Amino acid sequence: MLPEFSNLCLASSVEPLNAANGFTREPAYRVSLVSIDGNAVNSYSGFRAPICASLDQLIGNDAPDLLFVLASYNYQAHCTDEVIRALRRLKPVVKECGGLDAGSYVLAKAGLLSGYNATIHWAEAEVFAECFADIRVSHDRYVIDRNRITSGGSTSALDLMLHLIRRDCGESVAIAVSELLIFDTERPGSTRQREHLPSRMEEKSPRISRAITIMQKHIEKPLSVELIAQLIGISQRQLERDFKELMKTTVAKHYLTLRVEAARRLIRETRLSVTEVALRSGFSSLASLIRVYKQSYACTPSEDRKMCPPGVITPGGPASLQAEQSDNIGKPATARTVPAVAPHLAASSANGSGGAATYLSIREALIHAQRLAQCPDHRQCTWSPVHSAHRCAAAHRSP
């Protein structure tokens with residue numbers, strides 16, 4: 001368990017397993033709460049979790065069949081070198097390991113998810129996918145791939161535990177636990193994490209539900225209200241009436257709220273520059289983000305980051321590239337280019353003919369820079385702006 005863990009995620013993980021022991025001839029599970037150093041750990045809400053041992057003590061006494069890493073708030077700051085080294089030592093002795101909430105990030109940093117399918121809390125999925133190109137990132141509630149188990153956290157952890165109970169103890173025990181906990185909405189792991197949110201709105205207003213889904217999928221490159229209305233097959237005026245009646249706001253204001261919320265997640269959970277955050281959340285300029293952010297949260301993005309500092313830097317390309325992002329603010333997407341900040345970057349182009357490559361967004365440029373850094377022969381590498389993919393002729397062939 002890492003500091004600032006989620007109480008809800010912990011309870012959703014531990015209580016079903018303890019409950020299962022009441023329906024089996026002998027206890028099926030023995031749950032131990034451990035920390036890296038054996039000291040008590042505080043949750044994000046301030047509750048102090050009793051720790052029975054350090055991770056090394058647990059392994060030394062009796063290696064567990066299954067080890068979960070629970071990380072939630074400010075997880076990057078708590079993913080220290082000490083944590084990574086400790087987890088790497090577990091690989092040969094633990095049969096199965098998993099990540100709950102943002103615990104998948106910690107496992108990935110330790111190299112324990114390379115080549116696996118995995119999920120993470122939906123708010124961290126985009127950054128997670130960019131940091132770890134060797135992991136096939138899913139948006140499902142939970143993913144089990146061979147001996148790796150990952151969950152989006154909180155209530156999805158309860159879904160996962162019921163699945164494990166069913167696997168280990170049988171259907172009847174899983175049903176008994178579900179009834180005991182009055183949990184009658186178990187969802188399979190293949191269900192997308194945010195699927196139930198649009199469905200709740202679908203019952204009240206199918207049109208608003210579809211509109212919000214479209215907005216959520218187009219945060220970085222916002223669509224016009226007119227186009228959103230066209231995509232769901234109604235007039236813009238009707239869409240505005242629907243939002244005013246049910247949401248008590250306008251379409252544009254709700255869209256703006258979704259984007260500034262996305263910006264705040266990036267500010268608090270990553271070390272991306274504020275300029276990059278502005279681009280990823282669909283703001284045309286840094287000034288626009290700062291103005292809206294201050295109106296929403298009574299502080300600037302930089303001030304918010306000082307109050308809730310993120311952890312280690314998120315990989316995203318050369319520092320000099322990030323420093324020059326401001327040159328592209330306000331330019332049309334097709335006009336944004338990556339300056340020749342490194343020989344390998346300047347030598348590649350979208351069509352392989354040399355010169356500066358053209359990208360649809362700064363994020364694509366950062367992804368390409370990260371991929372190029374891994375290439376044994378970068379001169380054979382190109383970027384496809386149509387497919388947003390790094391294409392390499394070298395033997396390793398990036399996906």
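Visitor: What phi does Lys248 take, just after H12?
Guide: Lys248, which comes just after H12, takes a positive phi of about 60 degrees; please keep in mind that this is a predicted model.

Visitor: And H12 itself, which residues are buried there?
Guide: Helix H12 covers residues 236-246, and within this helix Leu239, Asp242 and Phe243 are buried. Looking down the axis of H12, you would find these buried residues within an arc of 95 degrees, so they line one face of the helix.

Visitor: Why would residues a few places apart point the same way?
Guide: Because an α-helix has 3.6 residues a turn, residues three or four places apart point the same way.

Visitor: OK, what covers the buried residues of H12?
Guide: The cover includes three helices, namely H10 (206-217), H11 (225-232) and H13 (251-269). On the face of H12 turned away from the buried side, by contrast, sit the exposed residues Arg237, Lys244 and Glu245.

Visitor: Switching to strands: what order does the open sheet have?
Guide: The open sheet has 4 strands in the order E5-E6-E10-E9, and their pairing is mixed. Strand E5 (66-71) and strand E9 (142-145) stand at the edges with a single partner strand each, so one side of each has no neighbour in the sheet. Direction ignored, neighbouring strands of this sheet are turned by 10 degrees against each other on average.

Visitor: How many bridges join E6 to E10, and do those strands run parallel or antiparallel?
Guide: Strand E6 (residues 96-101) and strand E10 (residues 148-151) run parallel and are joined by 4 bridges.

Visitor: Which residue in E10 is the bridge partner of Cys97?
Guide: The bridge partner of Cys97 in E10 is Arg148.

Methods
Residues numbered from 1 in each chain as written. Predicted model: local features only at pLDDT ≥ 70, side-chain atom pairs only at ≥ 80, totals over all residues. Heavy atoms only, no water. Buried < 20%, exposed > 50% of the residue type's maximum accessible area, 1.4 Å probe, protein only. Helix = DSSP H or I, 4+ residues; strand = E, 2+ residues; numbered from the N terminus. Arc of directions from axis to C-beta. Contact = heavy atoms within 4.5 Å. Pairing = 2+ DSSP bridges. Axes fitted to C-alpha atoms, helices over the stretch in contact; angles between N-to-C directions.
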